[in-house]
Amino acid sequence: SKTAYVRTKPHLNIGTMGHVDHGKTTLTAAITKVLSDRGTGTFVPFDRIDKAPEEAQRGITINIAHVEYETDTRHYAHVDMPGHADYVKNMVTGAAQLDGAILVVSALDGVMPQTAEHVLLARQVGVDHVVVAINKADAGDDELTDLVELEVRELLTAHGYGGDAAPVVRVSGLRALEGDPRWTAAIEALLDAVDTYVPTPVRYTDAPFLLSVENVLTITGRGTVVTGAIERGTIRVQDRVELLGADSGPRTTVVTGLETFGKPMEYAEAGDSVALLLRGLPRDGVRRGHVVAAPGSVVPRTRFTAQVYVLSSREGGRTTPVSTGYRPQFYIRTADVVGDVDLGEQAVARPGDQVAVTVELGRAVPLEPGLGFAIREGGRTVGAGTITEVL
Ligand code: GDP
Ligand code: MG
């Protein structure tokens, strides 16, 4: 009865980032409006994007903060940033999956603290391409907007993005939502910039399957569904998988249903955002942060060494140094785990420092060299790092 997902174009994952109230959600809604008018997407109104995922769940579907649409050349899954406090949890730790980002900056306010923090974090977790949307251009004057553009280009350059080359498009999400032709054209220009500036990524489809669980839902009469973006490999209905991360140890199960944005799929591959129905799995047998993987392909571990950047206070980080025995939260893929930090011979790390550390997690999760993570404490990001060796 449901229309199957037909793969005709490369699929990419993008997301909006930027300071609160600069118009990320409005712009997301406007993009779906413009593409739905063009016939290659479904309009998703503002309140459906902004609503908490739990409230909006029905059927095997994925987090409502993801919207999908197509341009002439690509299929996109677009994630809108939730509140700033959840930014890292919901976006940055999943950003191994983000192929590019739209940085939203208000023409009225310019670069604000969260604008800078999001750019820094995007760089740390390996988002290589950022397209800038200077939003609220309907309300700003041209000279001020020119200054905002300069300021954003400088910010990008300061974080190694090559701000001179980055596309900067002046838009009005609000006016485009209202159907204003001038601002509709601006959204089209923004999408063209994303299409051309963000390259089609190389997908690791040949590697063993791995998906880090973002959300868990129960479908009455069908069972437990997990959602997330496939990090690598491919998956088909009837494939055996291993569920890792539960205290009770690994558990083998079978994928009995596979969907993307409510559409059934025959197979899914790295980069796809999917919902997996898992056979015989109780609702409390899985939670966010657990990993679904090809059996035997990964083993959860607790100890690793890493290179960590401690955010400066100017970047929203700590004002005081950390020392051995420091015990923050580690956001690794979608997992949120406490960990003990050992600084070794270097007794302390000050905000702004780059240090080598050894970490002992409170719970085993699949780890591997090169994997990025964020460090949080008291609801804010205080560091970002990359695993150098699993011990
Ligand atoms: P977010 O926090 O970044 O998701 O921002 P929202 O999309 O919730 O927008 C914040 C406020 O800015 C709302 O009152 C919007 O109506 C307003 N806004 C968003 N986009 C525009 C725009 O293009 N022009 C104007 N004038 N206001 C806008
Ligand atoms: Mg929003």
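**Exercise 1. Determine whether Arg333 is buried or exposed, and describe its backbone.**

Solution. In this predicted model, Arg333 has a relative accessible area of 5% and is therefore buried. The cut-off that decides the matter is 20%, under which a residue counts as buried. The next step is to place the residue: Arg333 belongs to the loop that joins strand 19 (329-332) to strand 20 (335-342). Finally, the backbone is examined. Most residues other than glycine have a negative phi. Arg333, although not a glycine, has a positive phi of about 50°.

**Exercise 2. Carry out the analysis for Phe261: state in which loop it is found and what its phi is.**

Solution. Phe261 is located in the loop between strand 12 (251-260) and strand 13 (263-264). Its phi is near 45°, a positive value in a residue other than glycine. As to cover, the relative accessible area of Phe261 is 15%, so the residue is buried.

**Exercise 3. Establish how strand 5 is covered and how it pairs with strand 4.**

Solution. Begin with the count: strand 5 spans residues 130-135, and six of its six residues are buried. Next, separate the two faces. On one side lie Val130, Val132 and Ile134, and on the other Val131, Ala133 and Asn135; both sides are covered. Then consider the pairing. Strand 4 (residues 100-106) runs parallel to strand 5, with six bridges between them. Within this pairing, Val104 has Ala133 of strand 5 as its bridge partner.

**Exercise 4. Identify the surroundings of Val194 and relate this residue to strand 5.**

Solution. Val194 is part of helix 8 (residues 181-197). With a relative accessible area of 3%, Val194 is buried. When residues up to four places away in sequence are not counted, Val194 touches Ile14, Arg74, Tyr76, Ile102 and Val131. Val131 is a residue of strand 5, on the side that also holds Ala133 and Asn135. The C-alpha atoms of Val194 and Val131 are 6.5 Å apart in space, while the two residues are 63 residues apart in sequence.

**Exercise 5. Describe the position and contacts of Thr28 in helix 1.**

Solution. Helix 1 covers residues 24-38 and includes Thr28. The relative accessible area of Thr28 is 0%, so it is buried. Apart from neighbours within four places in sequence, Thr28 is in contact with Thr16, Ile49, Val67, His78 and Asp80.

**Exercise 6. Assess the overall dimensions, burial and surface of the chain.**

Solution. First, the secondary structure: the chain contains eight helices and 24 strands. Second, the dimensions. A compact globule of 391 residues would have a radius of gyration near 21 Å, and the chain has 21 Å, so the two agree. Along the principal axes, the C-alpha atoms fill a box of roughly 60 × 60 × 35 Å. Third, burial and contacts. Of the 391 residues, 55% count as buried. Among contacts with a separation of 6 or more, 72% come from residues 24 or more positions apart. Fourth, the surface. The accessible surface is about 16,200 Å², and carbon and sulfur atoms account for 49% of this area. Last, the charges: the chain carries 38 positive and 50 negative charges, whose mean positions are 6 Å apart.

Conventions:
Residues are numbered from 1 along each chain as its sequence is written. Chains are lettered from A and ligands numbered from 1 in the order in which they are written. This is a predicted model: local features need pLDDT of at least 70, side-chain atom pairs count only at pLDDT 80 or more; totals for chains, interfaces and linings use all residues. Side-chain values use heavy atoms; hydrogens and water are left out. Helices (H or I, at least four residues) and strands (E, at least two) are DSSP runs, numbered from the N terminus. The radius of gyration is taken over C-alpha atoms; the globule rule is 2.2 Å times the number of residues to the power 0.38. Buried means under 20% relative accessible area, exposed over 50%, partly exposed in between (1.4 Å probe, protein chains only). Contact means heavy atoms within 4.5 Å. Accessible areas come from the Shrake-Rupley method with a 1.4 Å probe; for residues, only the protein chains shown count as cover. Lys and Arg count as positive and Asp and Glu as negative; His and the chain ends are not counted. The place of a charge is taken as NZ of Lys, CZ of Arg, CG of Asp or CD of Glu. Two strands pair if DSSP finds at least two bridges between them.
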